[in-house]
Structure formats: C-alpha cells, structure tokens
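Trainee: I have a new structure open and would like to understand the terms people use for it. Could you go through it with me?
Mentor: Gladly, let us take a look together.

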Amino acid sequence: MRKGDNFCTFHPAVTLGFFVIAIALAVLVRRPAFVAYGVAMAALYYLSVHGRAGFKMIAGLAVLSAVVTLVNPLVNVMGVTELFSVFGRPYTVEAVYYGASIAGMLACALLWFGGYNAVMTTDRFTYLFGAVVPAFSLVLTMVLRLVPNYQRKIKELSTARACVGMSTASGTRSERAAHGTALVSALASWALENGVVTADSMRSRGYGTGKRTSFAHYRFTARDGVFTVAMLVLLLLTIVALALGAGWVDFVPTFREGRTDFVFFAGLAASAALLALPTYVNVKEAISWRISTSSI
Amino acid sequence: MQEHNSMNENHNATTSSSPLVKDGGKRNWKAALIYIAVLVLTPLTLVVGTVLGDTNYILTSALVILFAMIPFFASFESRAPQARELVVLAVMCAIAVASRVAFIWLPAFKPMAAIIMITGIALGARTGFMAGAISALVSNFVFSQGPWTPWQMFAFGLAGFVFGLLADRGVIPRQNLNMKQKLAVSIGGALFIVCILGIILDTCSVFTMVDIPEGPDGAIVIYASGFPLNCVHGAATFVTLFLVANPLLDKLHRISVKYGFGMQ
C-alpha cells in the first residue's frame, strides 16, 4: 500500500471500474468547464497518492499543456477570429481554445493513468483477469517474475565472461556483438532448462486440474458496495446531462458551447463529484487517522 | 518420458505445427460466437464514435484495436494450454523483455521484436501472437501504461503471428537456417518493422497526438517523422535476427528433443 493512498485498499474491480470511467470521461467530454474540473480532480487525486513528489509531474504536464496550446494554432488554421498572423498563416482564438482542450484532455488522461499505475498493481490486475483469461494471466505473472530474474542472470553471465576477457564493454564492434549474442544464447539455454523443470513441478502439483485460484484474496465489502453505488448514480446523472447536451461544444468556425442552465450545472457537479470520490476516500482516511492519533 | 508424450497424443507428426505447442484447435460454436461478437462490436464502436463527434479518436481507436485482439486471446484460452507450453512462452517473453540488458551498450537498440519473431517461428502463429502481446504489455508495466498499450500489444503480437504463420506454412524452417535463409528472415524482419509494425505504432501517435481537423497533413508529418526511427528499429531487428535466430531456434528445438515434447 502506498503512503497516503487508501483507495488502493478497495476491491480491484471497483478501482478498475473507476479508472475506466474517469479516463473515458476525460477523453469523451470536451467542454472547457468539464475539462477544467476533470484536470483539477485528476491532479488532486494524483497529489493525494504521491504527496509532494506529485508536483513534479504536474509541473511537467503544465509545461506540456502550455506548449500544445500555443503550438496548435501554428499547425491548425481553422477558426475565424484572427489574433495575428505567423508566416502569413492566421493565428486564431479558436485554435488556441482547441489546443487548450486537447492539452487538458491529454493531461487529464495521463494523470489518471498515473493514479492507475499506482493503484492497479500487477497482483490486482491478475486477480481480476485470472478468471476470464487464466492462461494469459498466468503467463503474465510468470513473465513479470522472470524479467528481473533474467536481468540478474545476464549480469552474472557477463561478469563471468568479462573475467576471461569476453566483455561486451570492450573490443571491436563485431566482437562485442558476438559476446552479446553469446550472452543471450547462454541465458536462453539456462532459462529453457529451468522452465521445463518449473513446468514439470507445476504439473506434479496439479496445475490445470481445477479452477484457478488467486494468491491474493480480495473481498467485496460494504464499503466497496457504497462506493460502487455512489459511482454509478453519479455516472448516470452525468450521462443524462451529457445526453441532454450539457457537454456539447464546437470549436469551428467559432467557439460555441451548449446549454448553460440547470442541466449543465447538475451534470458538471455530478461528474466533478464522481471524479472526486477516490480523493475523498484518501483525504477522509488521512483526517480520521490524524484525529485518532491525536486523541491518544 | 511416456507422460510427456501422452500430453501430446493428439499431436499429428505429419502436420507442420510446432512440436512445442499442441496446436490442434478445433473451431466450435464458442469460437464462432467470439468472431461474431468482434464483427459486431468493431463497427458498432466506429459508428458510436462517429455519432459522438470528432472528439473520440483515442478511445474509439483503442477499443477497435482491443476488439481485434479478442479472437487471438480467445483461441489461446480455449486450447487450455499445458504447463510446458505456458512456461516456454513465459520464458521467451521474459527473454524478449530482458534482452535489452544484454545489448545495453548499444543505445536505441531494441531486440524485442526480433525475439518475438523467433518465438513465433519456433512456436507457431497463435503462440507467437501471445508472445508479442504479452511482451509489449509487460514492458509497459516496467515503463508506463497508456493509450499506446493496446497498439503496441497488437503490433508486436502481429510480428509474432506473421512469422509464426510463415513457419507453420513451411516457408521458414523451425531450426538450422542456412546463410541464405538467415539473410532472408533478417531482411523480412527489418521490412516488417519498417512497413507494418512501425506504421501501426505511428498510427497510434496519429490518433493520440494529431489535431484531427488538420487531417491528412498532420498525419503525414507524424508518419514522416517516425520513418527514421522505424529504420533504426528495423536495423536492430535485422542484426538481432541474423545473430541470435539460429542459436535460439536450436535451443528451442533441443528442448523439444530432450524432453520429448511431441517429437516422434
């Protein structure tokens, strides 16, 4: 469990569901108000997971977004409101807006992926997919374990070979290529032999005789149920509002937005609340932890 | 040893399927259902993506690519592969991902695609696809997952699939390539990277990076800027295939002889 992250203690299906919804909303809804709230919520969650270290990523994304926003009008000449011209091509307000919208979408999606990478660890991923694609998730688990193992083995092999003057770090290019090849080849012999032993061991322990079970055990608790219901209700409200045109926006030829009535604000509030759910979970836990330690 | 052979009792020595993989997948109604689902889901996604407007290229394209992979995963799962197949596949994927370390002295040298092609040649088309998809997925656990993940899985999977298919059809021998065959496979691998794998990955960039209203111009810029990188990747693939294809194929063959996987 990561410091400050309580959301990762929820059931893997709930966390995966949330990230799928969050990333889909980030990519699908382009109206500036929705994008702005989306980026804000994604950034808050990112900070609640990574703490102060998260500011580095956010600063980087801010620079990237600014570049995308300002460069977009250079390659994109749509729109009618000309600010000035660059090399005879118009630099338009609409293109700046459109660039900002793309930048916001990218930043938002990357921030949610950042959260996803922290929360959906490989054991949670294989727990979820173990039932649907058992062979695939078993291979995935094995590969994830073997890669660092092989990297160590390659280091061992190359150290041993360097002692007898067959280092990949010196010599002519073709010599080094030959040494590199010998390394891969030695690794493969050892790995395949080991693999067959592993497979026979799996077989004699009854691999494939029953339904696959998971090493990690997650239970769908009341808390997961509450979170899921809240998430689905807010998602439903958001979808209704979007279907009624709350998220409509057009950048060409002029910048136009959809309705600005109650439906719009309700949809915006629902989507913002939906995206704030994991941050709320984290912050609430941090506060109750503070209270419980201070009352000792 | 009898036990090992009984694992592969369905294996017919006269077919060209790989000795390491029991590849006797029979088409049943379940498989048909999966194909129908894919054939319905893909156009549906495209239609919904179009109806929703010009804002959904990343999601629509990623979904289409994901659907395209469903039949491969389904046929792999429906065979209920044995422990040995799974382990050999896992070992080859891990070698593909870890092989960058062996060539760390050559920056920008990416041997992963070549190792996947070799795996495809040795184990056949379907397993080759899984090797590519899994290697791409795992290398993204190390780096970072993103909208590009399904594209990379599909592109590398296709590399394993195509070379596996060529071996299944008997175009490429499964071991002991002579000089001419080695050159042909290496050149073929390099061309595949430049003409197919690179293009698929650039198409991912087109959908995620390009400003779509700018349309074809922006796409051409991305494809053009990707071309030199694809050539470097292709050259790395050529070198890797030329150097390690024979050693790896021979080792895989040796394993199948030593432990009697389906070899008569």
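Trainee: How many residues of chain A are in contact with chain B?
Mentor: First, a reminder that this is a predicted model. In it, 51 residues of chain A are in contact with 49 residues of chain B. On the side of chain A that touches chain B, the elements giving two or more residues are α1, α3 (54-75), α4 (93-119), α6 (134-163) and α7 (173-204) of chain A. The most comes from α7(A), with 18 residues.

Trainee: What classes of residue make up the side of chain A that touches chain B?
Mentor: That side has 35 nonpolar, 13 polar and three charged residues.

Trainee: Now the helices inside chain A. What makes α1(A) and α8(A) roughly parallel?
Mentor: Start with the angle: helix α1 (residues 12-28) and helix α8 (residues 222-243) of chain A have axes that cross at roughly 20° and come within 10 Å. Angles under 35 degrees count as roughly parallel, so α1(A) is roughly parallel to α8(A). Their crossing is left-handed.

Trainee: Which residues make that contact?
Mentor: From α1(A) come V14(A), G17(A), F18(A) and I21(A), and from α8(A) come D224(A), F227(A), T228(A), M231(A) and L235(A). Sorted by class, the contact of α1(A) with α8(A) has six nonpolar, two polar and one charged residues.

Trainee: And why are α1(A) and α4(A) called roughly antiparallel?
Mentor: The axes of α1(A) and α4(A) cross at roughly 170° and come within 9 Å. Over 145 degrees, the term is roughly antiparallel, and therefore α1(A) and α4(A) are roughly antiparallel to each other. On the α1(A) side the contact is made by T15(A), F19(A), A22(A), I23(A), A26(A) and V27(A). The partners on α4(A) are M105(A), C108(A), A109(A), W112(A), G115(A), Y116(A) and V119(A). By class, the contact of α1(A) with α4(A) has eleven nonpolar, two polar and no charged residues.

Trainee: Where do the domains of chain A lie?
Mentor: The domain assignment gives domain 1 (7-125 + 230-294) and domain 2 (132-204) of chain A. Taken over C-alpha atoms, 42 Å separate the centres of domain 1 and domain 2 of chain A.

Trainee: Let us turn to chain B. How many helices and strands does chain B have?
Mentor: Chain B has nine helices and zero strands. Of its 264 residues, 48% count as buried.

Trainee: How do you know whether L201(B) is buried or exposed?
Mentor: L201(B), in helix α8 (residues 179-209) of chain B, has 21 C-beta neighbours inside 10 Å. The cut-off for buried is 20 or more, so L201(B) counts as buried. Leaving aside neighbours within four places in sequence, L201(B) is in contact with W151(B), Q152(B) and A155(B). The C-alpha atoms of L201(B) and T149(B) are separated by 10.0 Å, and these two residues are 52 apart along the chain.

Trainee: What about C204(B): buried or exposed?
Mentor: C204(B) also lies in helix α8 of chain B. The count here is 23 other C-beta atoms within 10 Å. Set against the cut-off of 20 or more, that count makes C204(B) buried. Apart from neighbours within four places in sequence, C204(B) is in contact with W148(B) and W151(B).

Key
Residues are numbered from 1 along each chain as its sequence is written. Chains are lettered from A and ligands numbered from 1 in the order in which they are written. This is a predicted model: local features need pLDDT of at least 70, side-chain atom pairs count only at pLDDT 80 or more; totals for chains, interfaces and linings use all residues. Axes are lines fitted to C-alpha atoms, for helices over the stretch in contact, and angles run from 0 to 180 degrees between N-to-C directions. Helices (H or I, at least four residues) and strands (E, at least two) are DSSP runs, numbered from the N terminus. Angles under 35 degrees count as roughly parallel, over 145 as roughly antiparallel, 65 to 115 as roughly perpendicular and the rest as oblique. A crossing is left-handed if the near helix is turned anticlockwise from the far one by less than a right angle, and right-handed if clockwise. Two residues are in contact if their C-beta atoms, placed from the backbone, lie within 7 Å. Ala, Val, Leu, Ile, Met, Phe, Trp, Tyr, Cys and Pro count as nonpolar, Asp, Glu, Lys and Arg as charged, and the others, Gly among them, as polar. Domain bounds come from an automatic or database domain assignment. A residue is buried if 20 or more other C-beta atoms lie within 10 Å of its own, exposed if 12 or fewer, and partly exposed in between; C-beta atoms are placed from the backbone.
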